[in-house]
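Colleague: I would love a close look at a single part of this model, please: the largest pocket. Take your time, and set it in the context of the rest of the chain.

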Amino acid sequence: MPMIDADGCLINVSVEGRDGGPTLMLSNSLGCTLQMWEPQMKALTQVFRVIRYDRRGHGKSNVPPGPYTMERFGRDVLAILDDLNIEKVHWCGLSMGGMVGQWLGANAPERFGKLILANTSCYYAEPTKWLERIDAVKKGGIAAVADAVVAGWLTADFREREPEITAKMKSMLLATPVEGYLACCEALSTLDQRALLPKIKSPTLVIAGRHDMATPISAGELIRSSIPGASMTIIDAAHISNVEQPHAFTDAVVGFLTQR
C-alpha cells in the first residue's frame, strides 16, 4: 500500500484489481477506514482497478491539525490520482465520501466518469447534532459516542444478526484518531454544497438507505433532484448500506457503472 503525499499529508492508498480495466475510486464514511469496503472487493476487483484510501485524520493516513474542508479532502483525492498517473476514474463515496464526490464532480469534472453518491447529504440545516458530538468526543473520546454512532450505521436487526461484523465496525470507529475525527466533524458542521450540485455533469447514481436516519431518503432526493439527469436507488439498510446489504449495494454499483 503506497503512502502518497498530499500537500505534506501522507495518505494511505490501496490499489487492487483488474489491470487495464476501468478504474473505480472508493471513499469512506466518517470514522471508517478503507476496510469498510471489504464486502465489495471480491466482486469489484474482477471488473475494475479499485483505489481505496484512508481520508486524512483516519486509519494509517497522517493526522494534520485542522481545520479540514471539503475542498481539502477533494484536493487530497486529486493528489492521489496525479501521483498514480491516473487521468480519470469512476467514483463511489458513502456518507462523507459522497460529500467529497459532490465537490469533485463540480470542481474537477474532467477527472471523473460516473459518480455514485451513497447515504449522503449536501447540506445540514442545523449544526447542533455535530456540535454536540464534537463536545461529547472532546470530553469522553470516541468511546462516548461509539454506541450511538454504530446504532445509526446499522439497523438493530442487523446488529443482532451479525454481532461479529457489528463489533468490527465499532472497533474501526474506536481506532480513529480523535484529532482527525474532530476535524472532520467540524467540516461537516458547516456543510452546504447545494450550489455545487447543478454544476455536476457526470452521470450520477444516488443510493439511499430505507432506514438511514443520519442521511435520510429526503437528503438523497434533494441531491438527485439537483444534479441534472441523476437517478436514485433505495436499499433496505441504515447508514452504512454497503456493509448491511453488501449484495444489493454491489449490484447497484456494478450495474450502474457497466451500463452503456
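**The largest pocket and its setting**

Modeller: Happy to, and let me begin from the outside: the protein exposes about 10,900 Å², of which carbon and sulfur atoms supply 51%. Please keep in mind that this is a predicted model, and that the values below are computed from it.

A few words on the fold as a whole will help. The protein has 11 helices and 8 strands. Its radius of gyration is 17 Å, close to the 18 Å that the globule rule gives for 260 residues, so the protein is as compact as a globular protein of that length. If you follow the C-alpha trace along its principal axes, it spans about 50 × 40 × 35 Å. Of the 260 residues, 56% count as buried. Among contacts with a separation of 6 or more, 77% are between residues 24 or more positions apart.

Now to the part you asked about. Rolling a probe the size of a water molecule over the atoms shows where empty space is left. The largest pocket has a volume of about 300 Å³. It is lined by 19 residues, and the closest to its centre are Lys129, Trp130, Arg133, Val149 and Ala214. Four helices each supply at least two residues of this lining: helix 3 (96-107), helix 4 (128-140), helix 5 (143-153) and helix 8 (178-189). Helix 5 provides the largest share, with 5 residues. In chemical terms, the lining of the largest pocket consists of 12 nonpolar, 5 polar and 2 charged residues.

For comparison, it is worth turning to the second largest pocket, which holds about 250 Å³ of space. Helix 1 (38-47) and helix 7 (163-174) are the elements that give two or more residues to its lining. Helix 7 gives the most, with 4 residues. If you want to select this site in your viewer, the residues that line it are Thr33, Gln35, Met36, Glu38, Pro39, Ile165, Lys168, Met169, Met172, Val243 and Pro246. By class, they divide into 7 nonpolar, 2 polar and 2 charged residues.

To put the two side by side, helix 5 leads in the lining of the largest pocket, while helix 7 leads in that of the second largest. For a view of the largest pocket, you could centre on Lys129, Trp130, Arg133, Val149 and Ala214, the residues closest to its centre.

Notes: Residues numbered from 1 in each chain as written. Predicted model: local features only at pLDDT ≥ 70, side-chain atom pairs only at ≥ 80, totals over all residues. Heavy atoms only, no water. 1 Å grid on protein atoms, 1.4 Å probe; cavity = no way out; pocket = protein on both sides within 12 Å on 5 of 7 lines; lining within 4 Å. Points joined across faces, edges and corners; volume = space filled by probe spheres on them. Nonpolar A, V, L, I, M, F, W, Y, C, P; charged D, E, K, R; others polar. Rg over C-alpha atoms; globule rule 2.2 N^0.38 Å. Buried < 20%, exposed > 50% of the residue type's maximum accessible area, 1.4 Å probe, protein only. Contact = heavy atoms within 4.5 Å. Areas by Shrake-Rupley, 256 points an atom, 1.4 Å probe, with all protein chains shown as cover.
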